[in-house]
Amino acid sequence: MSYAHVTGHQSMVFDEARNRAYARAIAQCVTPDSVVLDLGCGLGIHGLLAAKAGARKVFLVDPEIVVQSALEVARFNGFGDRVQAFQGRIEEIELPEKVDVIISVFTGNLLYSEDLLPSLYFARDRWLKPGGHLIPDAAELLMAPVCAPKRHAEWIAAWSTPHLEIDYSPIRRYAANQTYWGSRDEYANWTLLAEPATVERADFHEATTTVVDCTTDFAIRSSADCTGMLGWIRIHLGDNWVGTGPKDPPMHWTPQLLPLDPEWALKAGDTMDFKVHRPAWGEWTWTCTHAGQQQRHSTFLSQPVRASDLRALMAGHKPGRNAKGELLLQTLSRLDGDQTKEAIAAGLLRDFPRRFANEREALVFVESIVRTHGA
């Protein structure tokens, strides 16, 4: 058994600053009558804090098997009679009753970047009692132009320096369209060239969309080279706002750099116009305008784009199955409850001889499909 399902959550369990902020918010609204949903619970730290605060019932929900480890911890700490675990997406499971409190950590590094908030909105509409509490109940996305020349040189400009007489300059354009994060010691000392602007606000009690579409301008206060835009979040927990910006205590979440390439030399008193856009489940696009110049970057351009990729995005496209799709279809069709996994693997090896080197490789593939899609 692999324990990656546990160790991958370690940084969240031991995130002192974040979890203490959650604990304070939980203590403010959880009573002995409360039924609490820990949505996307991982190892259940926030649900267990709710149980510790006296909640009558706590539901731990997570799509991954890690929820079983969370239940084990609940029992070990004496909460087993009040904590129930459900493995699955919230859209797919049925809870025993509606809840008074929903706790989540569904705000990504750039608020929407992990596309988890739609599941929170579903849980809110389906399971939260009228007048119930959300933790957090609101969030903001902030951005500011930043100077971080060392990181620009290492992450982006380095591609234009030949390595062992091999010139990788064509890759630079992909690097310039990615988002980046540095170590806490670094970004805490990066220079913000203007006052941060709130580019998006979300009231989780009312929100229904995850589209970002904001235009703002920045009054430059320091003369320096602008490396790009630094983005971070603030979340509202109970009576307090907790931030992940460069001057805030470190948390599991980190600020993200949306780079410019080349860097722009800005002067105090200049104005830089900024636009950021991201459709739901889509790519980040950011555009900066200054002194008649414009740069536009998009995470969609952070890797080569094939014609098939563009066709897949076109409205009305009628897709067929490729070889991988056909293999998946054939495998799923054989999960009929009548064949052993060994028989399925043998059949796949026969029908797809160029895909598998031997029956063992085919069997490992079948087992991976069964774990995900089998009953």
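**Group meeting: Ser34, salt bridges and helix packing**

Setting aside neighbours within four places in sequence, Ser34 touches Cys29, Ala55, Arg56, Lys57 and Asp100. Before I go on: this is a predicted model.

Ser34 sits in the loop that runs between helix H3, residues 16-29, and strand E1, residues 35-39. Is Ser34 buried or exposed? Its relative accessibility is 4%, so Ser34 counts as buried; the cut-off for that class is under 20%.

One of the contacts of Ser34 is Arg56, and Arg56 takes me to the salt bridges. How many does the structure hold? The count is 21. As a general reminder, side chains of opposite charge can pair when their charged atoms come close.

Arg56 pairs with Glu97, and the closest N and O atoms of the two are 3.2 Å apart. This pair links distant parts of the chain, with the two positions 41 residues apart in numbering. Arg56 is in the loop between helix H4 (45-52) and strand E2 (57-62), while Glu97 is in the loop between strand E3 (83-87) and strand E4 (99-104). Arg56 has a relative accessibility of 36% and counts as partly exposed. Glu97 is also partly exposed, with a relative accessible area of 26%.

Now to the salt bridges that involve helix H12. Asp351 forms a salt bridge with Arg334, with 2.6 Å between the closest N and O atoms. Asp351 belongs to helix H12, residues 341-351, and Arg334 to the loop between helix H11 (323-333) and H12, so the pair ties together parts that are 17 residues apart in sequence. On accessibility, Asp351 is partly exposed at 36%, whereas Arg334 is buried, with a relative accessible area of 13%.

Lys341 is a residue of H12 as well. Its side chain meets that of Glu367 in a salt bridge, at 2.8 Å from N to O. Glu367 lies in helix H13, residues 359-373, so this pair ties together parts that are 26 residues apart in sequence. Lys341 counts as partly exposed, at 35% relative accessibility. Glu367, with a relative accessible area of 18%, is buried.

There is also a network of salt bridges, and it links Arg89, Glu91 and Glu92.

That leaves helix packing, and I will start with helix H6, residues 117-127. Which residues of H6 are buried? They are Leu117, Ser119, Leu120, Tyr121, Ala123, Arg124 and Trp127. What do these buried residues pack against? They pack against E1, E4 and strand E5, residues 128-135. E1 is the strand that follows the loop holding Ser34.

The other case is H11 with H13. Their axes come within 11 Å and cross at roughly 70°. The range from 65 to 115 degrees counts as roughly perpendicular, and H11 and H13 therefore fall in that class. The crossing of the two helices is right-handed. From H11, the contact is made by Leu327, Leu328, Thr331 and Leu332; from H13, by Phe365, Ile369 and His373. Sorted by class, this contact has five nonpolar residues, two polar ones and no charged residues.

To recap H13: Glu367 of this helix forms the salt bridge with Lys341, and Phe365, Ile369 and His373 make its side of the contact with H11. That is what I have for today.

Note on methods
Residues numbered from 1 in each chain as written. Predicted model: local features only at pLDDT ≥ 70, side-chain atom pairs only at ≥ 80, totals over all residues. Heavy atoms only, no water. Helix = DSSP H or I, 4+ residues; strand = E, 2+ residues; numbered from the N terminus. Buried < 20%, exposed > 50% of the residue type's maximum accessible area, 1.4 Å probe, protein only. Contact = heavy atoms within 4.5 Å. Salt bridge = Lys/Arg side-chain N within 4 Å of Asp/Glu carboxyl O. Axes fitted to C-alpha atoms, helices over the stretch in contact; angles between N-to-C directions. Parallel < 35°, antiparallel > 145°, perpendicular 65-115°, else oblique. Left-handed = near helix turned anticlockwise from the far one by under 90°. Nonpolar A, V, L, I, M, F, W, Y, C, P; charged D, E, K, R; others polar.
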